[in-house]
Protein chains: 2
Amino acid sequence: MRITIIGVGMLGGSFGMAVRKAGAAELVAGVDLDRATLDRARERGAIDAGYLDPAEGVAGADLVVLAAPVRSILEMLPGLAPLLGRETILFDLGSTKEAIVSAVAGLAGIRRYVGGHPMAGTEHAGIEYADDGLLREATFALVPPSGVDEGAVELLTDLVRRIGARPVVISAERHDRIVSVTSHLPYLLSVVLALAAENLAREESRTGEFAASGYRDTTRLAASNVRVMADICLSNRGPLLRAVEEARRLLDGLAEQIEQGNETELVRMLTEAKESRASASGERSTD
Amino acid sequence: MRITIIGVGMLGGSFGMAVRKAGAAELVAGVDLDRATLDRARERGAIDAGYLDPAEGVAGADLVVLAAPVRSILEMLPGLAPLLGRETILFDLGSTKEAIVSAVAGLAGIRRYVGGHPMAGTEHAGIEYADDGLLREATFALVPPSGVDEGAVELLTDLVRRIGARPVVISAERHDRIVSVTSHLPYLLSVVLALAAENLAREESRTGEFAASGYRDTTRLAASNVRVMADICLSNRGPLLRAVEEARRLLDGLAEQIEQGNETELVRMLTEAKESRASASGERSTD
């Protein structure tokens, strides 16, 4: 199998490294906007060959993987469609799925498409941060649109397993709803914390000295790539706004118990959060 | 100098270990509710001697350190006051300061009190999690009430330096306002995320599989000791409710830009958060 990865940054590069390490492809080609990135991707073992021209890069590919921010993927699709072979499978690693699935459905020329989303990443961007172990043990969503052939889904399920990730076949709608709560809402609340601390720091010069590990952990996501995250927020608008509404409701509930000094109910809510977090993260509760 | 630590859990134990390691006291005594904890604290090098009876434990102490949840400290103070010698300095490591400073001011018999709060901790509780390096490089707030002698503040400033932490002398009001934003709001938003994910998981069985590192980091604080955190929320009610109000305002602002598809303003806010976070945490921005 010949695989072409379009976009060899942190995620595309990590995917390429994992595929090459697993020996899951005869050739991994990379397409990117500048030669230096392609050279570095080859040096780091993410690709076998680099192309600036997408037409050259995808020629003869069995699988084309789009590893770019959601909006870049949406912008690339119309130009890419005519370049794909009849049997070529198009795959993407975009963070939201409904917008991409819909765009693909509206294009002639893309016969075999499956959406993808590995639940792994860091706040860093660029090929230097690519890591062949990034996707290991990660949940890897596979989102087959209605009508796609079983063969394409099977090939990708197998590929995901071979690179050590855990395939989960799921609809775009369910995927987008889940990640709005588990990924995108955490990002927005992380942004809220960073902005609140910044506003305080304007009046209170010692703020920075009090930002300890709790603050650093909860604001780590705020350091994510802004372009990538703005795309995600705007392309997953509906589910994300519902998640924000839920967060507001929960925050109001907590504030109400604090305001009224209702310790029993406050402790109940905090305990529920602690236990839920312990079970969701697979970590044991320590007291 | 003889130091007595009341409460040899994660924080009190870490303080004792650091003091002993630095050779900053001739004797570190510990007081706790059960013998097994005291024995373990001695085995772990946190104390030289353990006492179940506070009167015995504090007898002859130059410095008494209260390392307990805020409300436990408030409950202990009246019984402790008559046990303190004329020159004994009372110190505490509670997470909020105004409530404790006020309580001490209302008690006869406590002549020398300084509040303290090391900006270090983990979500874990108990002597097993004590660590002699926990306080190293940490900001350590020292909160002298009006009227306390300079000697007491100097002794504590010196002690904090000797254990490798960074003393910051600050008023209770300023301290409580800062930590409401840098510590307590992050905790509440972490709780909100854990509860939102739990509510989703009731309807959507695959939620847990999608909880990746971003979710785990942003919800780590939700795993904190509930008793400790409920005390903090209720004893820092005013500043915390104002911080929640600010968070709500910021979240509404972000949601509004997302709803209206106002990319320019959304990107501006996300960029501000990213840059602010990078400077506050001393980490460099990666793109």
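Which residue just after α6(B) takes a positive phi? That's B:G164, with a phi of about 90°. Keep in mind that this is a predicted model.

Let's step back into the helix that comes before that glycine. Helix α6 of chain B runs over residues 150-162, so to speak a stretch of 13 residues. From its first C-alpha to its last it reaches 18 Å, close to the 18 Å expected at 1.5 Å a residue. Now look at which side chains of α6(B) go inward: B:A152, B:L156, B:L159 and B:V160 are buried. These residues cover an arc of only 100° around the axis, which puts them on the same side of α6(B). The general rule behind this kind of pattern is that an α-helix has 3.6 residues a turn, so residues three or four places apart point the same way.

What do the buried residues of α6(B) pack against? Their partners are four strands of chain B: β5 (89-92), β6 (112-118), β7 (139-143) and β8 (166-169). Swing round to the face of α6(B) turned away from its buried side and you'll meet the exposed residues B:E150, B:G151, B:E154 and B:D158.

Next, the nonpolar core. The largest one has 208 residues, and the members that touch the most others are A:V65, A:V192 and A:A196, along with B:V65, B:V192 and B:A196. Take A:V65 as a sample: leaving out residues up to four places away in sequence, A:V65 touches A:I3, A:T4, A:I5, A:I6 and A:F15, plus A:F91, A:D92 and A:L93.

Now for how the two chains sit together. A turn of 180° with a shift of 0.0 Å along the axis lays chain B on chain A, at an RMSD of 0.0 Å. That is the relation of a two-fold axis. If you want to find the rotation axis on screen, go to B:T218, whose C-alpha, at 2.2 Å, comes closest to it among the residues of chain B.

The contact itself takes 89 residues from chain B and 89 residues from chain A. On the chain B side, the elements giving two or more residues are α7 (172-203), α8 (213-218), α9 (226-235), α10 (237-259) and α11 (263-281). The largest share, 23 residues, comes from α7(B). Sorted by class, the side of chain B that touches chain A has 51 nonpolar, 19 polar and 19 charged residues. And why do the copies meet through the same surface? Because 100% of the interface residues of chain B are also interface residues in chain A.

Note on methods
Residues numbered from 1 in each chain as written. Chains lettered and ligands numbered in written order. Predicted model: local features only at pLDDT ≥ 70, side-chain atom pairs only at ≥ 80, totals over all residues. Expected span 1.5 Å × (residues − 1). Buried ≥ 20, exposed ≤ 12 C-beta atoms within 10 Å, placed from the backbone. Arc of directions from axis to C-beta. Contact = placed C-beta atoms within 7 Å. Core = buried A, V, L, I, M, F, W, Y, C linked by C-beta atoms within 7 Å. Least-squares fit on C-alpha atoms with pLDDT ≥ 70 in both. Nonpolar A, V, L, I, M, F, W, Y, C, P; charged D, E, K, R; others polar.
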